[in-house]
Amino acid sequence: MDLIPDVTITFTEVRIPVPWGHISGRWYGDQNERPILALHGWQDNCGTFAKLAPLISPYRSLLCIDLPGHGLSSYLPTGVIYHNLEFVRVILRLMQIYKWEKVSLLGHSMSGSLAFHFASFFPDRVDMIISLDIIKALYRSAKIAPALYAAAIEKALKYNDCLWNNASTTNSEPPSYTFQQCETMLCEGTRKSVELENCKYILERNITKSHLYPDKYFFSRDVRIKYLIEMNPNLEMTLNMAERICSANIPYLIIKGGKSKYPDSAASELDEYMAKNNKNFESYIYPDGTHHLHLNNPKPVAQLVIRFLQKHDREQSKVIKSKI
């Protein structure tokens, strides 16, 4: 059964003030209802949902944002380091700004992990999660984690100094490329997870026209996000976090790409724990999907999402009626 209506849904560009600048994004569908908050993967932006959001928004509106340092959103202040817990606080900020008592989360890749973290910290504030390709990033072994943190911290310090030193240099600009070169770089950089013809949807918010070279562009996301520091708990803590989600029976959908090359998408003890302990947990594999399955294959992903939303809307309706 085809659940995708034959309608054209437009979006509204939004710019949400925050203490360090603004959060940019696109609101698809009805702005008078609480939307699904859609969060992109590492170094991507809300353009990753450009083909999926119009298919879902006739059924439920979506607010797709650029996380700090990504897309058209402001960089975090010079001198600080990016951390995934700051992105958790972004969700809390948006809930305060829009006066949401609960939030519905759709997260891809890094933000699938972000949604898991948020729900484990605040299970009473989440009414559902839709995760694309991963539930949570795999934790690093205790043997290699210190060296990885050390390298990331030093790199972040280096690029903070670059931002500081270049702040007053008007002619400073990163390397620039033709649009076709940018497409190839993004496609290859994602290990061909993003098909070449779909790179434009992410590049639209990831590159800026060069001031020095006509017909060339430079990548305008904050270079510091390459050295993001993550709270990435080991298995014991991860399962304790999962227990908080499962105890609340939060409706949870994970859709994985059968051709995904990302190790974080592989089935793990966490998948097994969620399936065993949360009656509202659902897991699907789309055989032809890469890590960016929602961008390359939006219709089958949208079908699964809408079925999930319909199912839990019916169940919520039954709960409400039983209380009347």
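In this predicted model, strand β3 (residues 36-39) and strand β5 run parallel, with 4 bridges joining them. To pin down the register, look at Ile 36, which sits opposite Ser 104 in β5. Moving to strand β6 (residues 126-132), β5 is joined to this strand by 6 bridges, and the two again run parallel. Here the handy reference pair is Gly 107, standing opposite Ser 131 in β6.

Zooming out, these strands belong to an open sheet of 8 strands with mixed pairing, and the order reads β1-β2-β4-β3-β5-β6-β9-β10. At the edges are β1 (11-18) and β10 (281-286), each of which pairs on one side only. On average, neighbouring strands in this sheet are turned by 20° against each other, direction ignored.

How much of β5 is buried? Strand β5 covers residues 103-108, and 6 of its 6 residues are buried, so to speak "mostly covered". The cover applies to both faces of β5. On one side are Val 103, Leu 105 and Gly 107, on the other Ser 104, Leu 106 and His 108, and all of them are buried. Two of the register markers turn up again in this list: Ser 104, the residue opposite Ile 36, and Gly 107, the residue opposite Ser 131.

Next come the helices. Helix α3 lies across β3, β5, β6 and β9 (252-257), and runs at about 150° to β5. Helix α3 (residues 110-121) also packs against helix α2 (residues 84-98), at an angle of about 65° and with the axes 10 Å apart. Since angles of 65 to 115 degrees count as roughly perpendicular, that makes α2 roughly perpendicular to α3. As for handedness, α2 and α3 cross in a right-handed way.

Which residues make the contact between α2 and α3? From α2 come Asn 84, Leu 85, Phe 87, Val 88, Ile 91, Leu 92 and Met 95. Facing them from α3 are Met 110, Leu 114, His 117, Phe 118 and Phe 121. Sorted by class, this contact of α2 with α3 has 10 nonpolar and 2 polar residues, and no charged ones.

Definitions and conventions: Residues are numbered from 1 along each chain as its sequence is written. This is a predicted model: local features need pLDDT of at least 70, side-chain atom pairs count only at pLDDT 80 or more; totals for chains, interfaces and linings use all residues. Side-chain values use heavy atoms; hydrogens and water are left out. Axes are lines fitted to C-alpha atoms, for helices over the stretch in contact, and angles run from 0 to 180 degrees between N-to-C directions. Angles under 35 degrees count as roughly parallel, over 145 as roughly antiparallel, 65 to 115 as roughly perpendicular and the rest as oblique. A crossing is left-handed if the near helix is turned anticlockwise from the far one by less than a right angle, and right-handed if clockwise. Contact means heavy atoms within 4.5 Å. Ala, Val, Leu, Ile, Met, Phe, Trp, Tyr, Cys and Pro count as nonpolar, Asp, Glu, Lys and Arg as charged, and the others, Gly among them, as polar. Buried means under 20% relative accessible area, exposed over 50%, partly exposed in between (1.4 Å probe, protein chains only). Two strands pair if DSSP finds at least two bridges between them.
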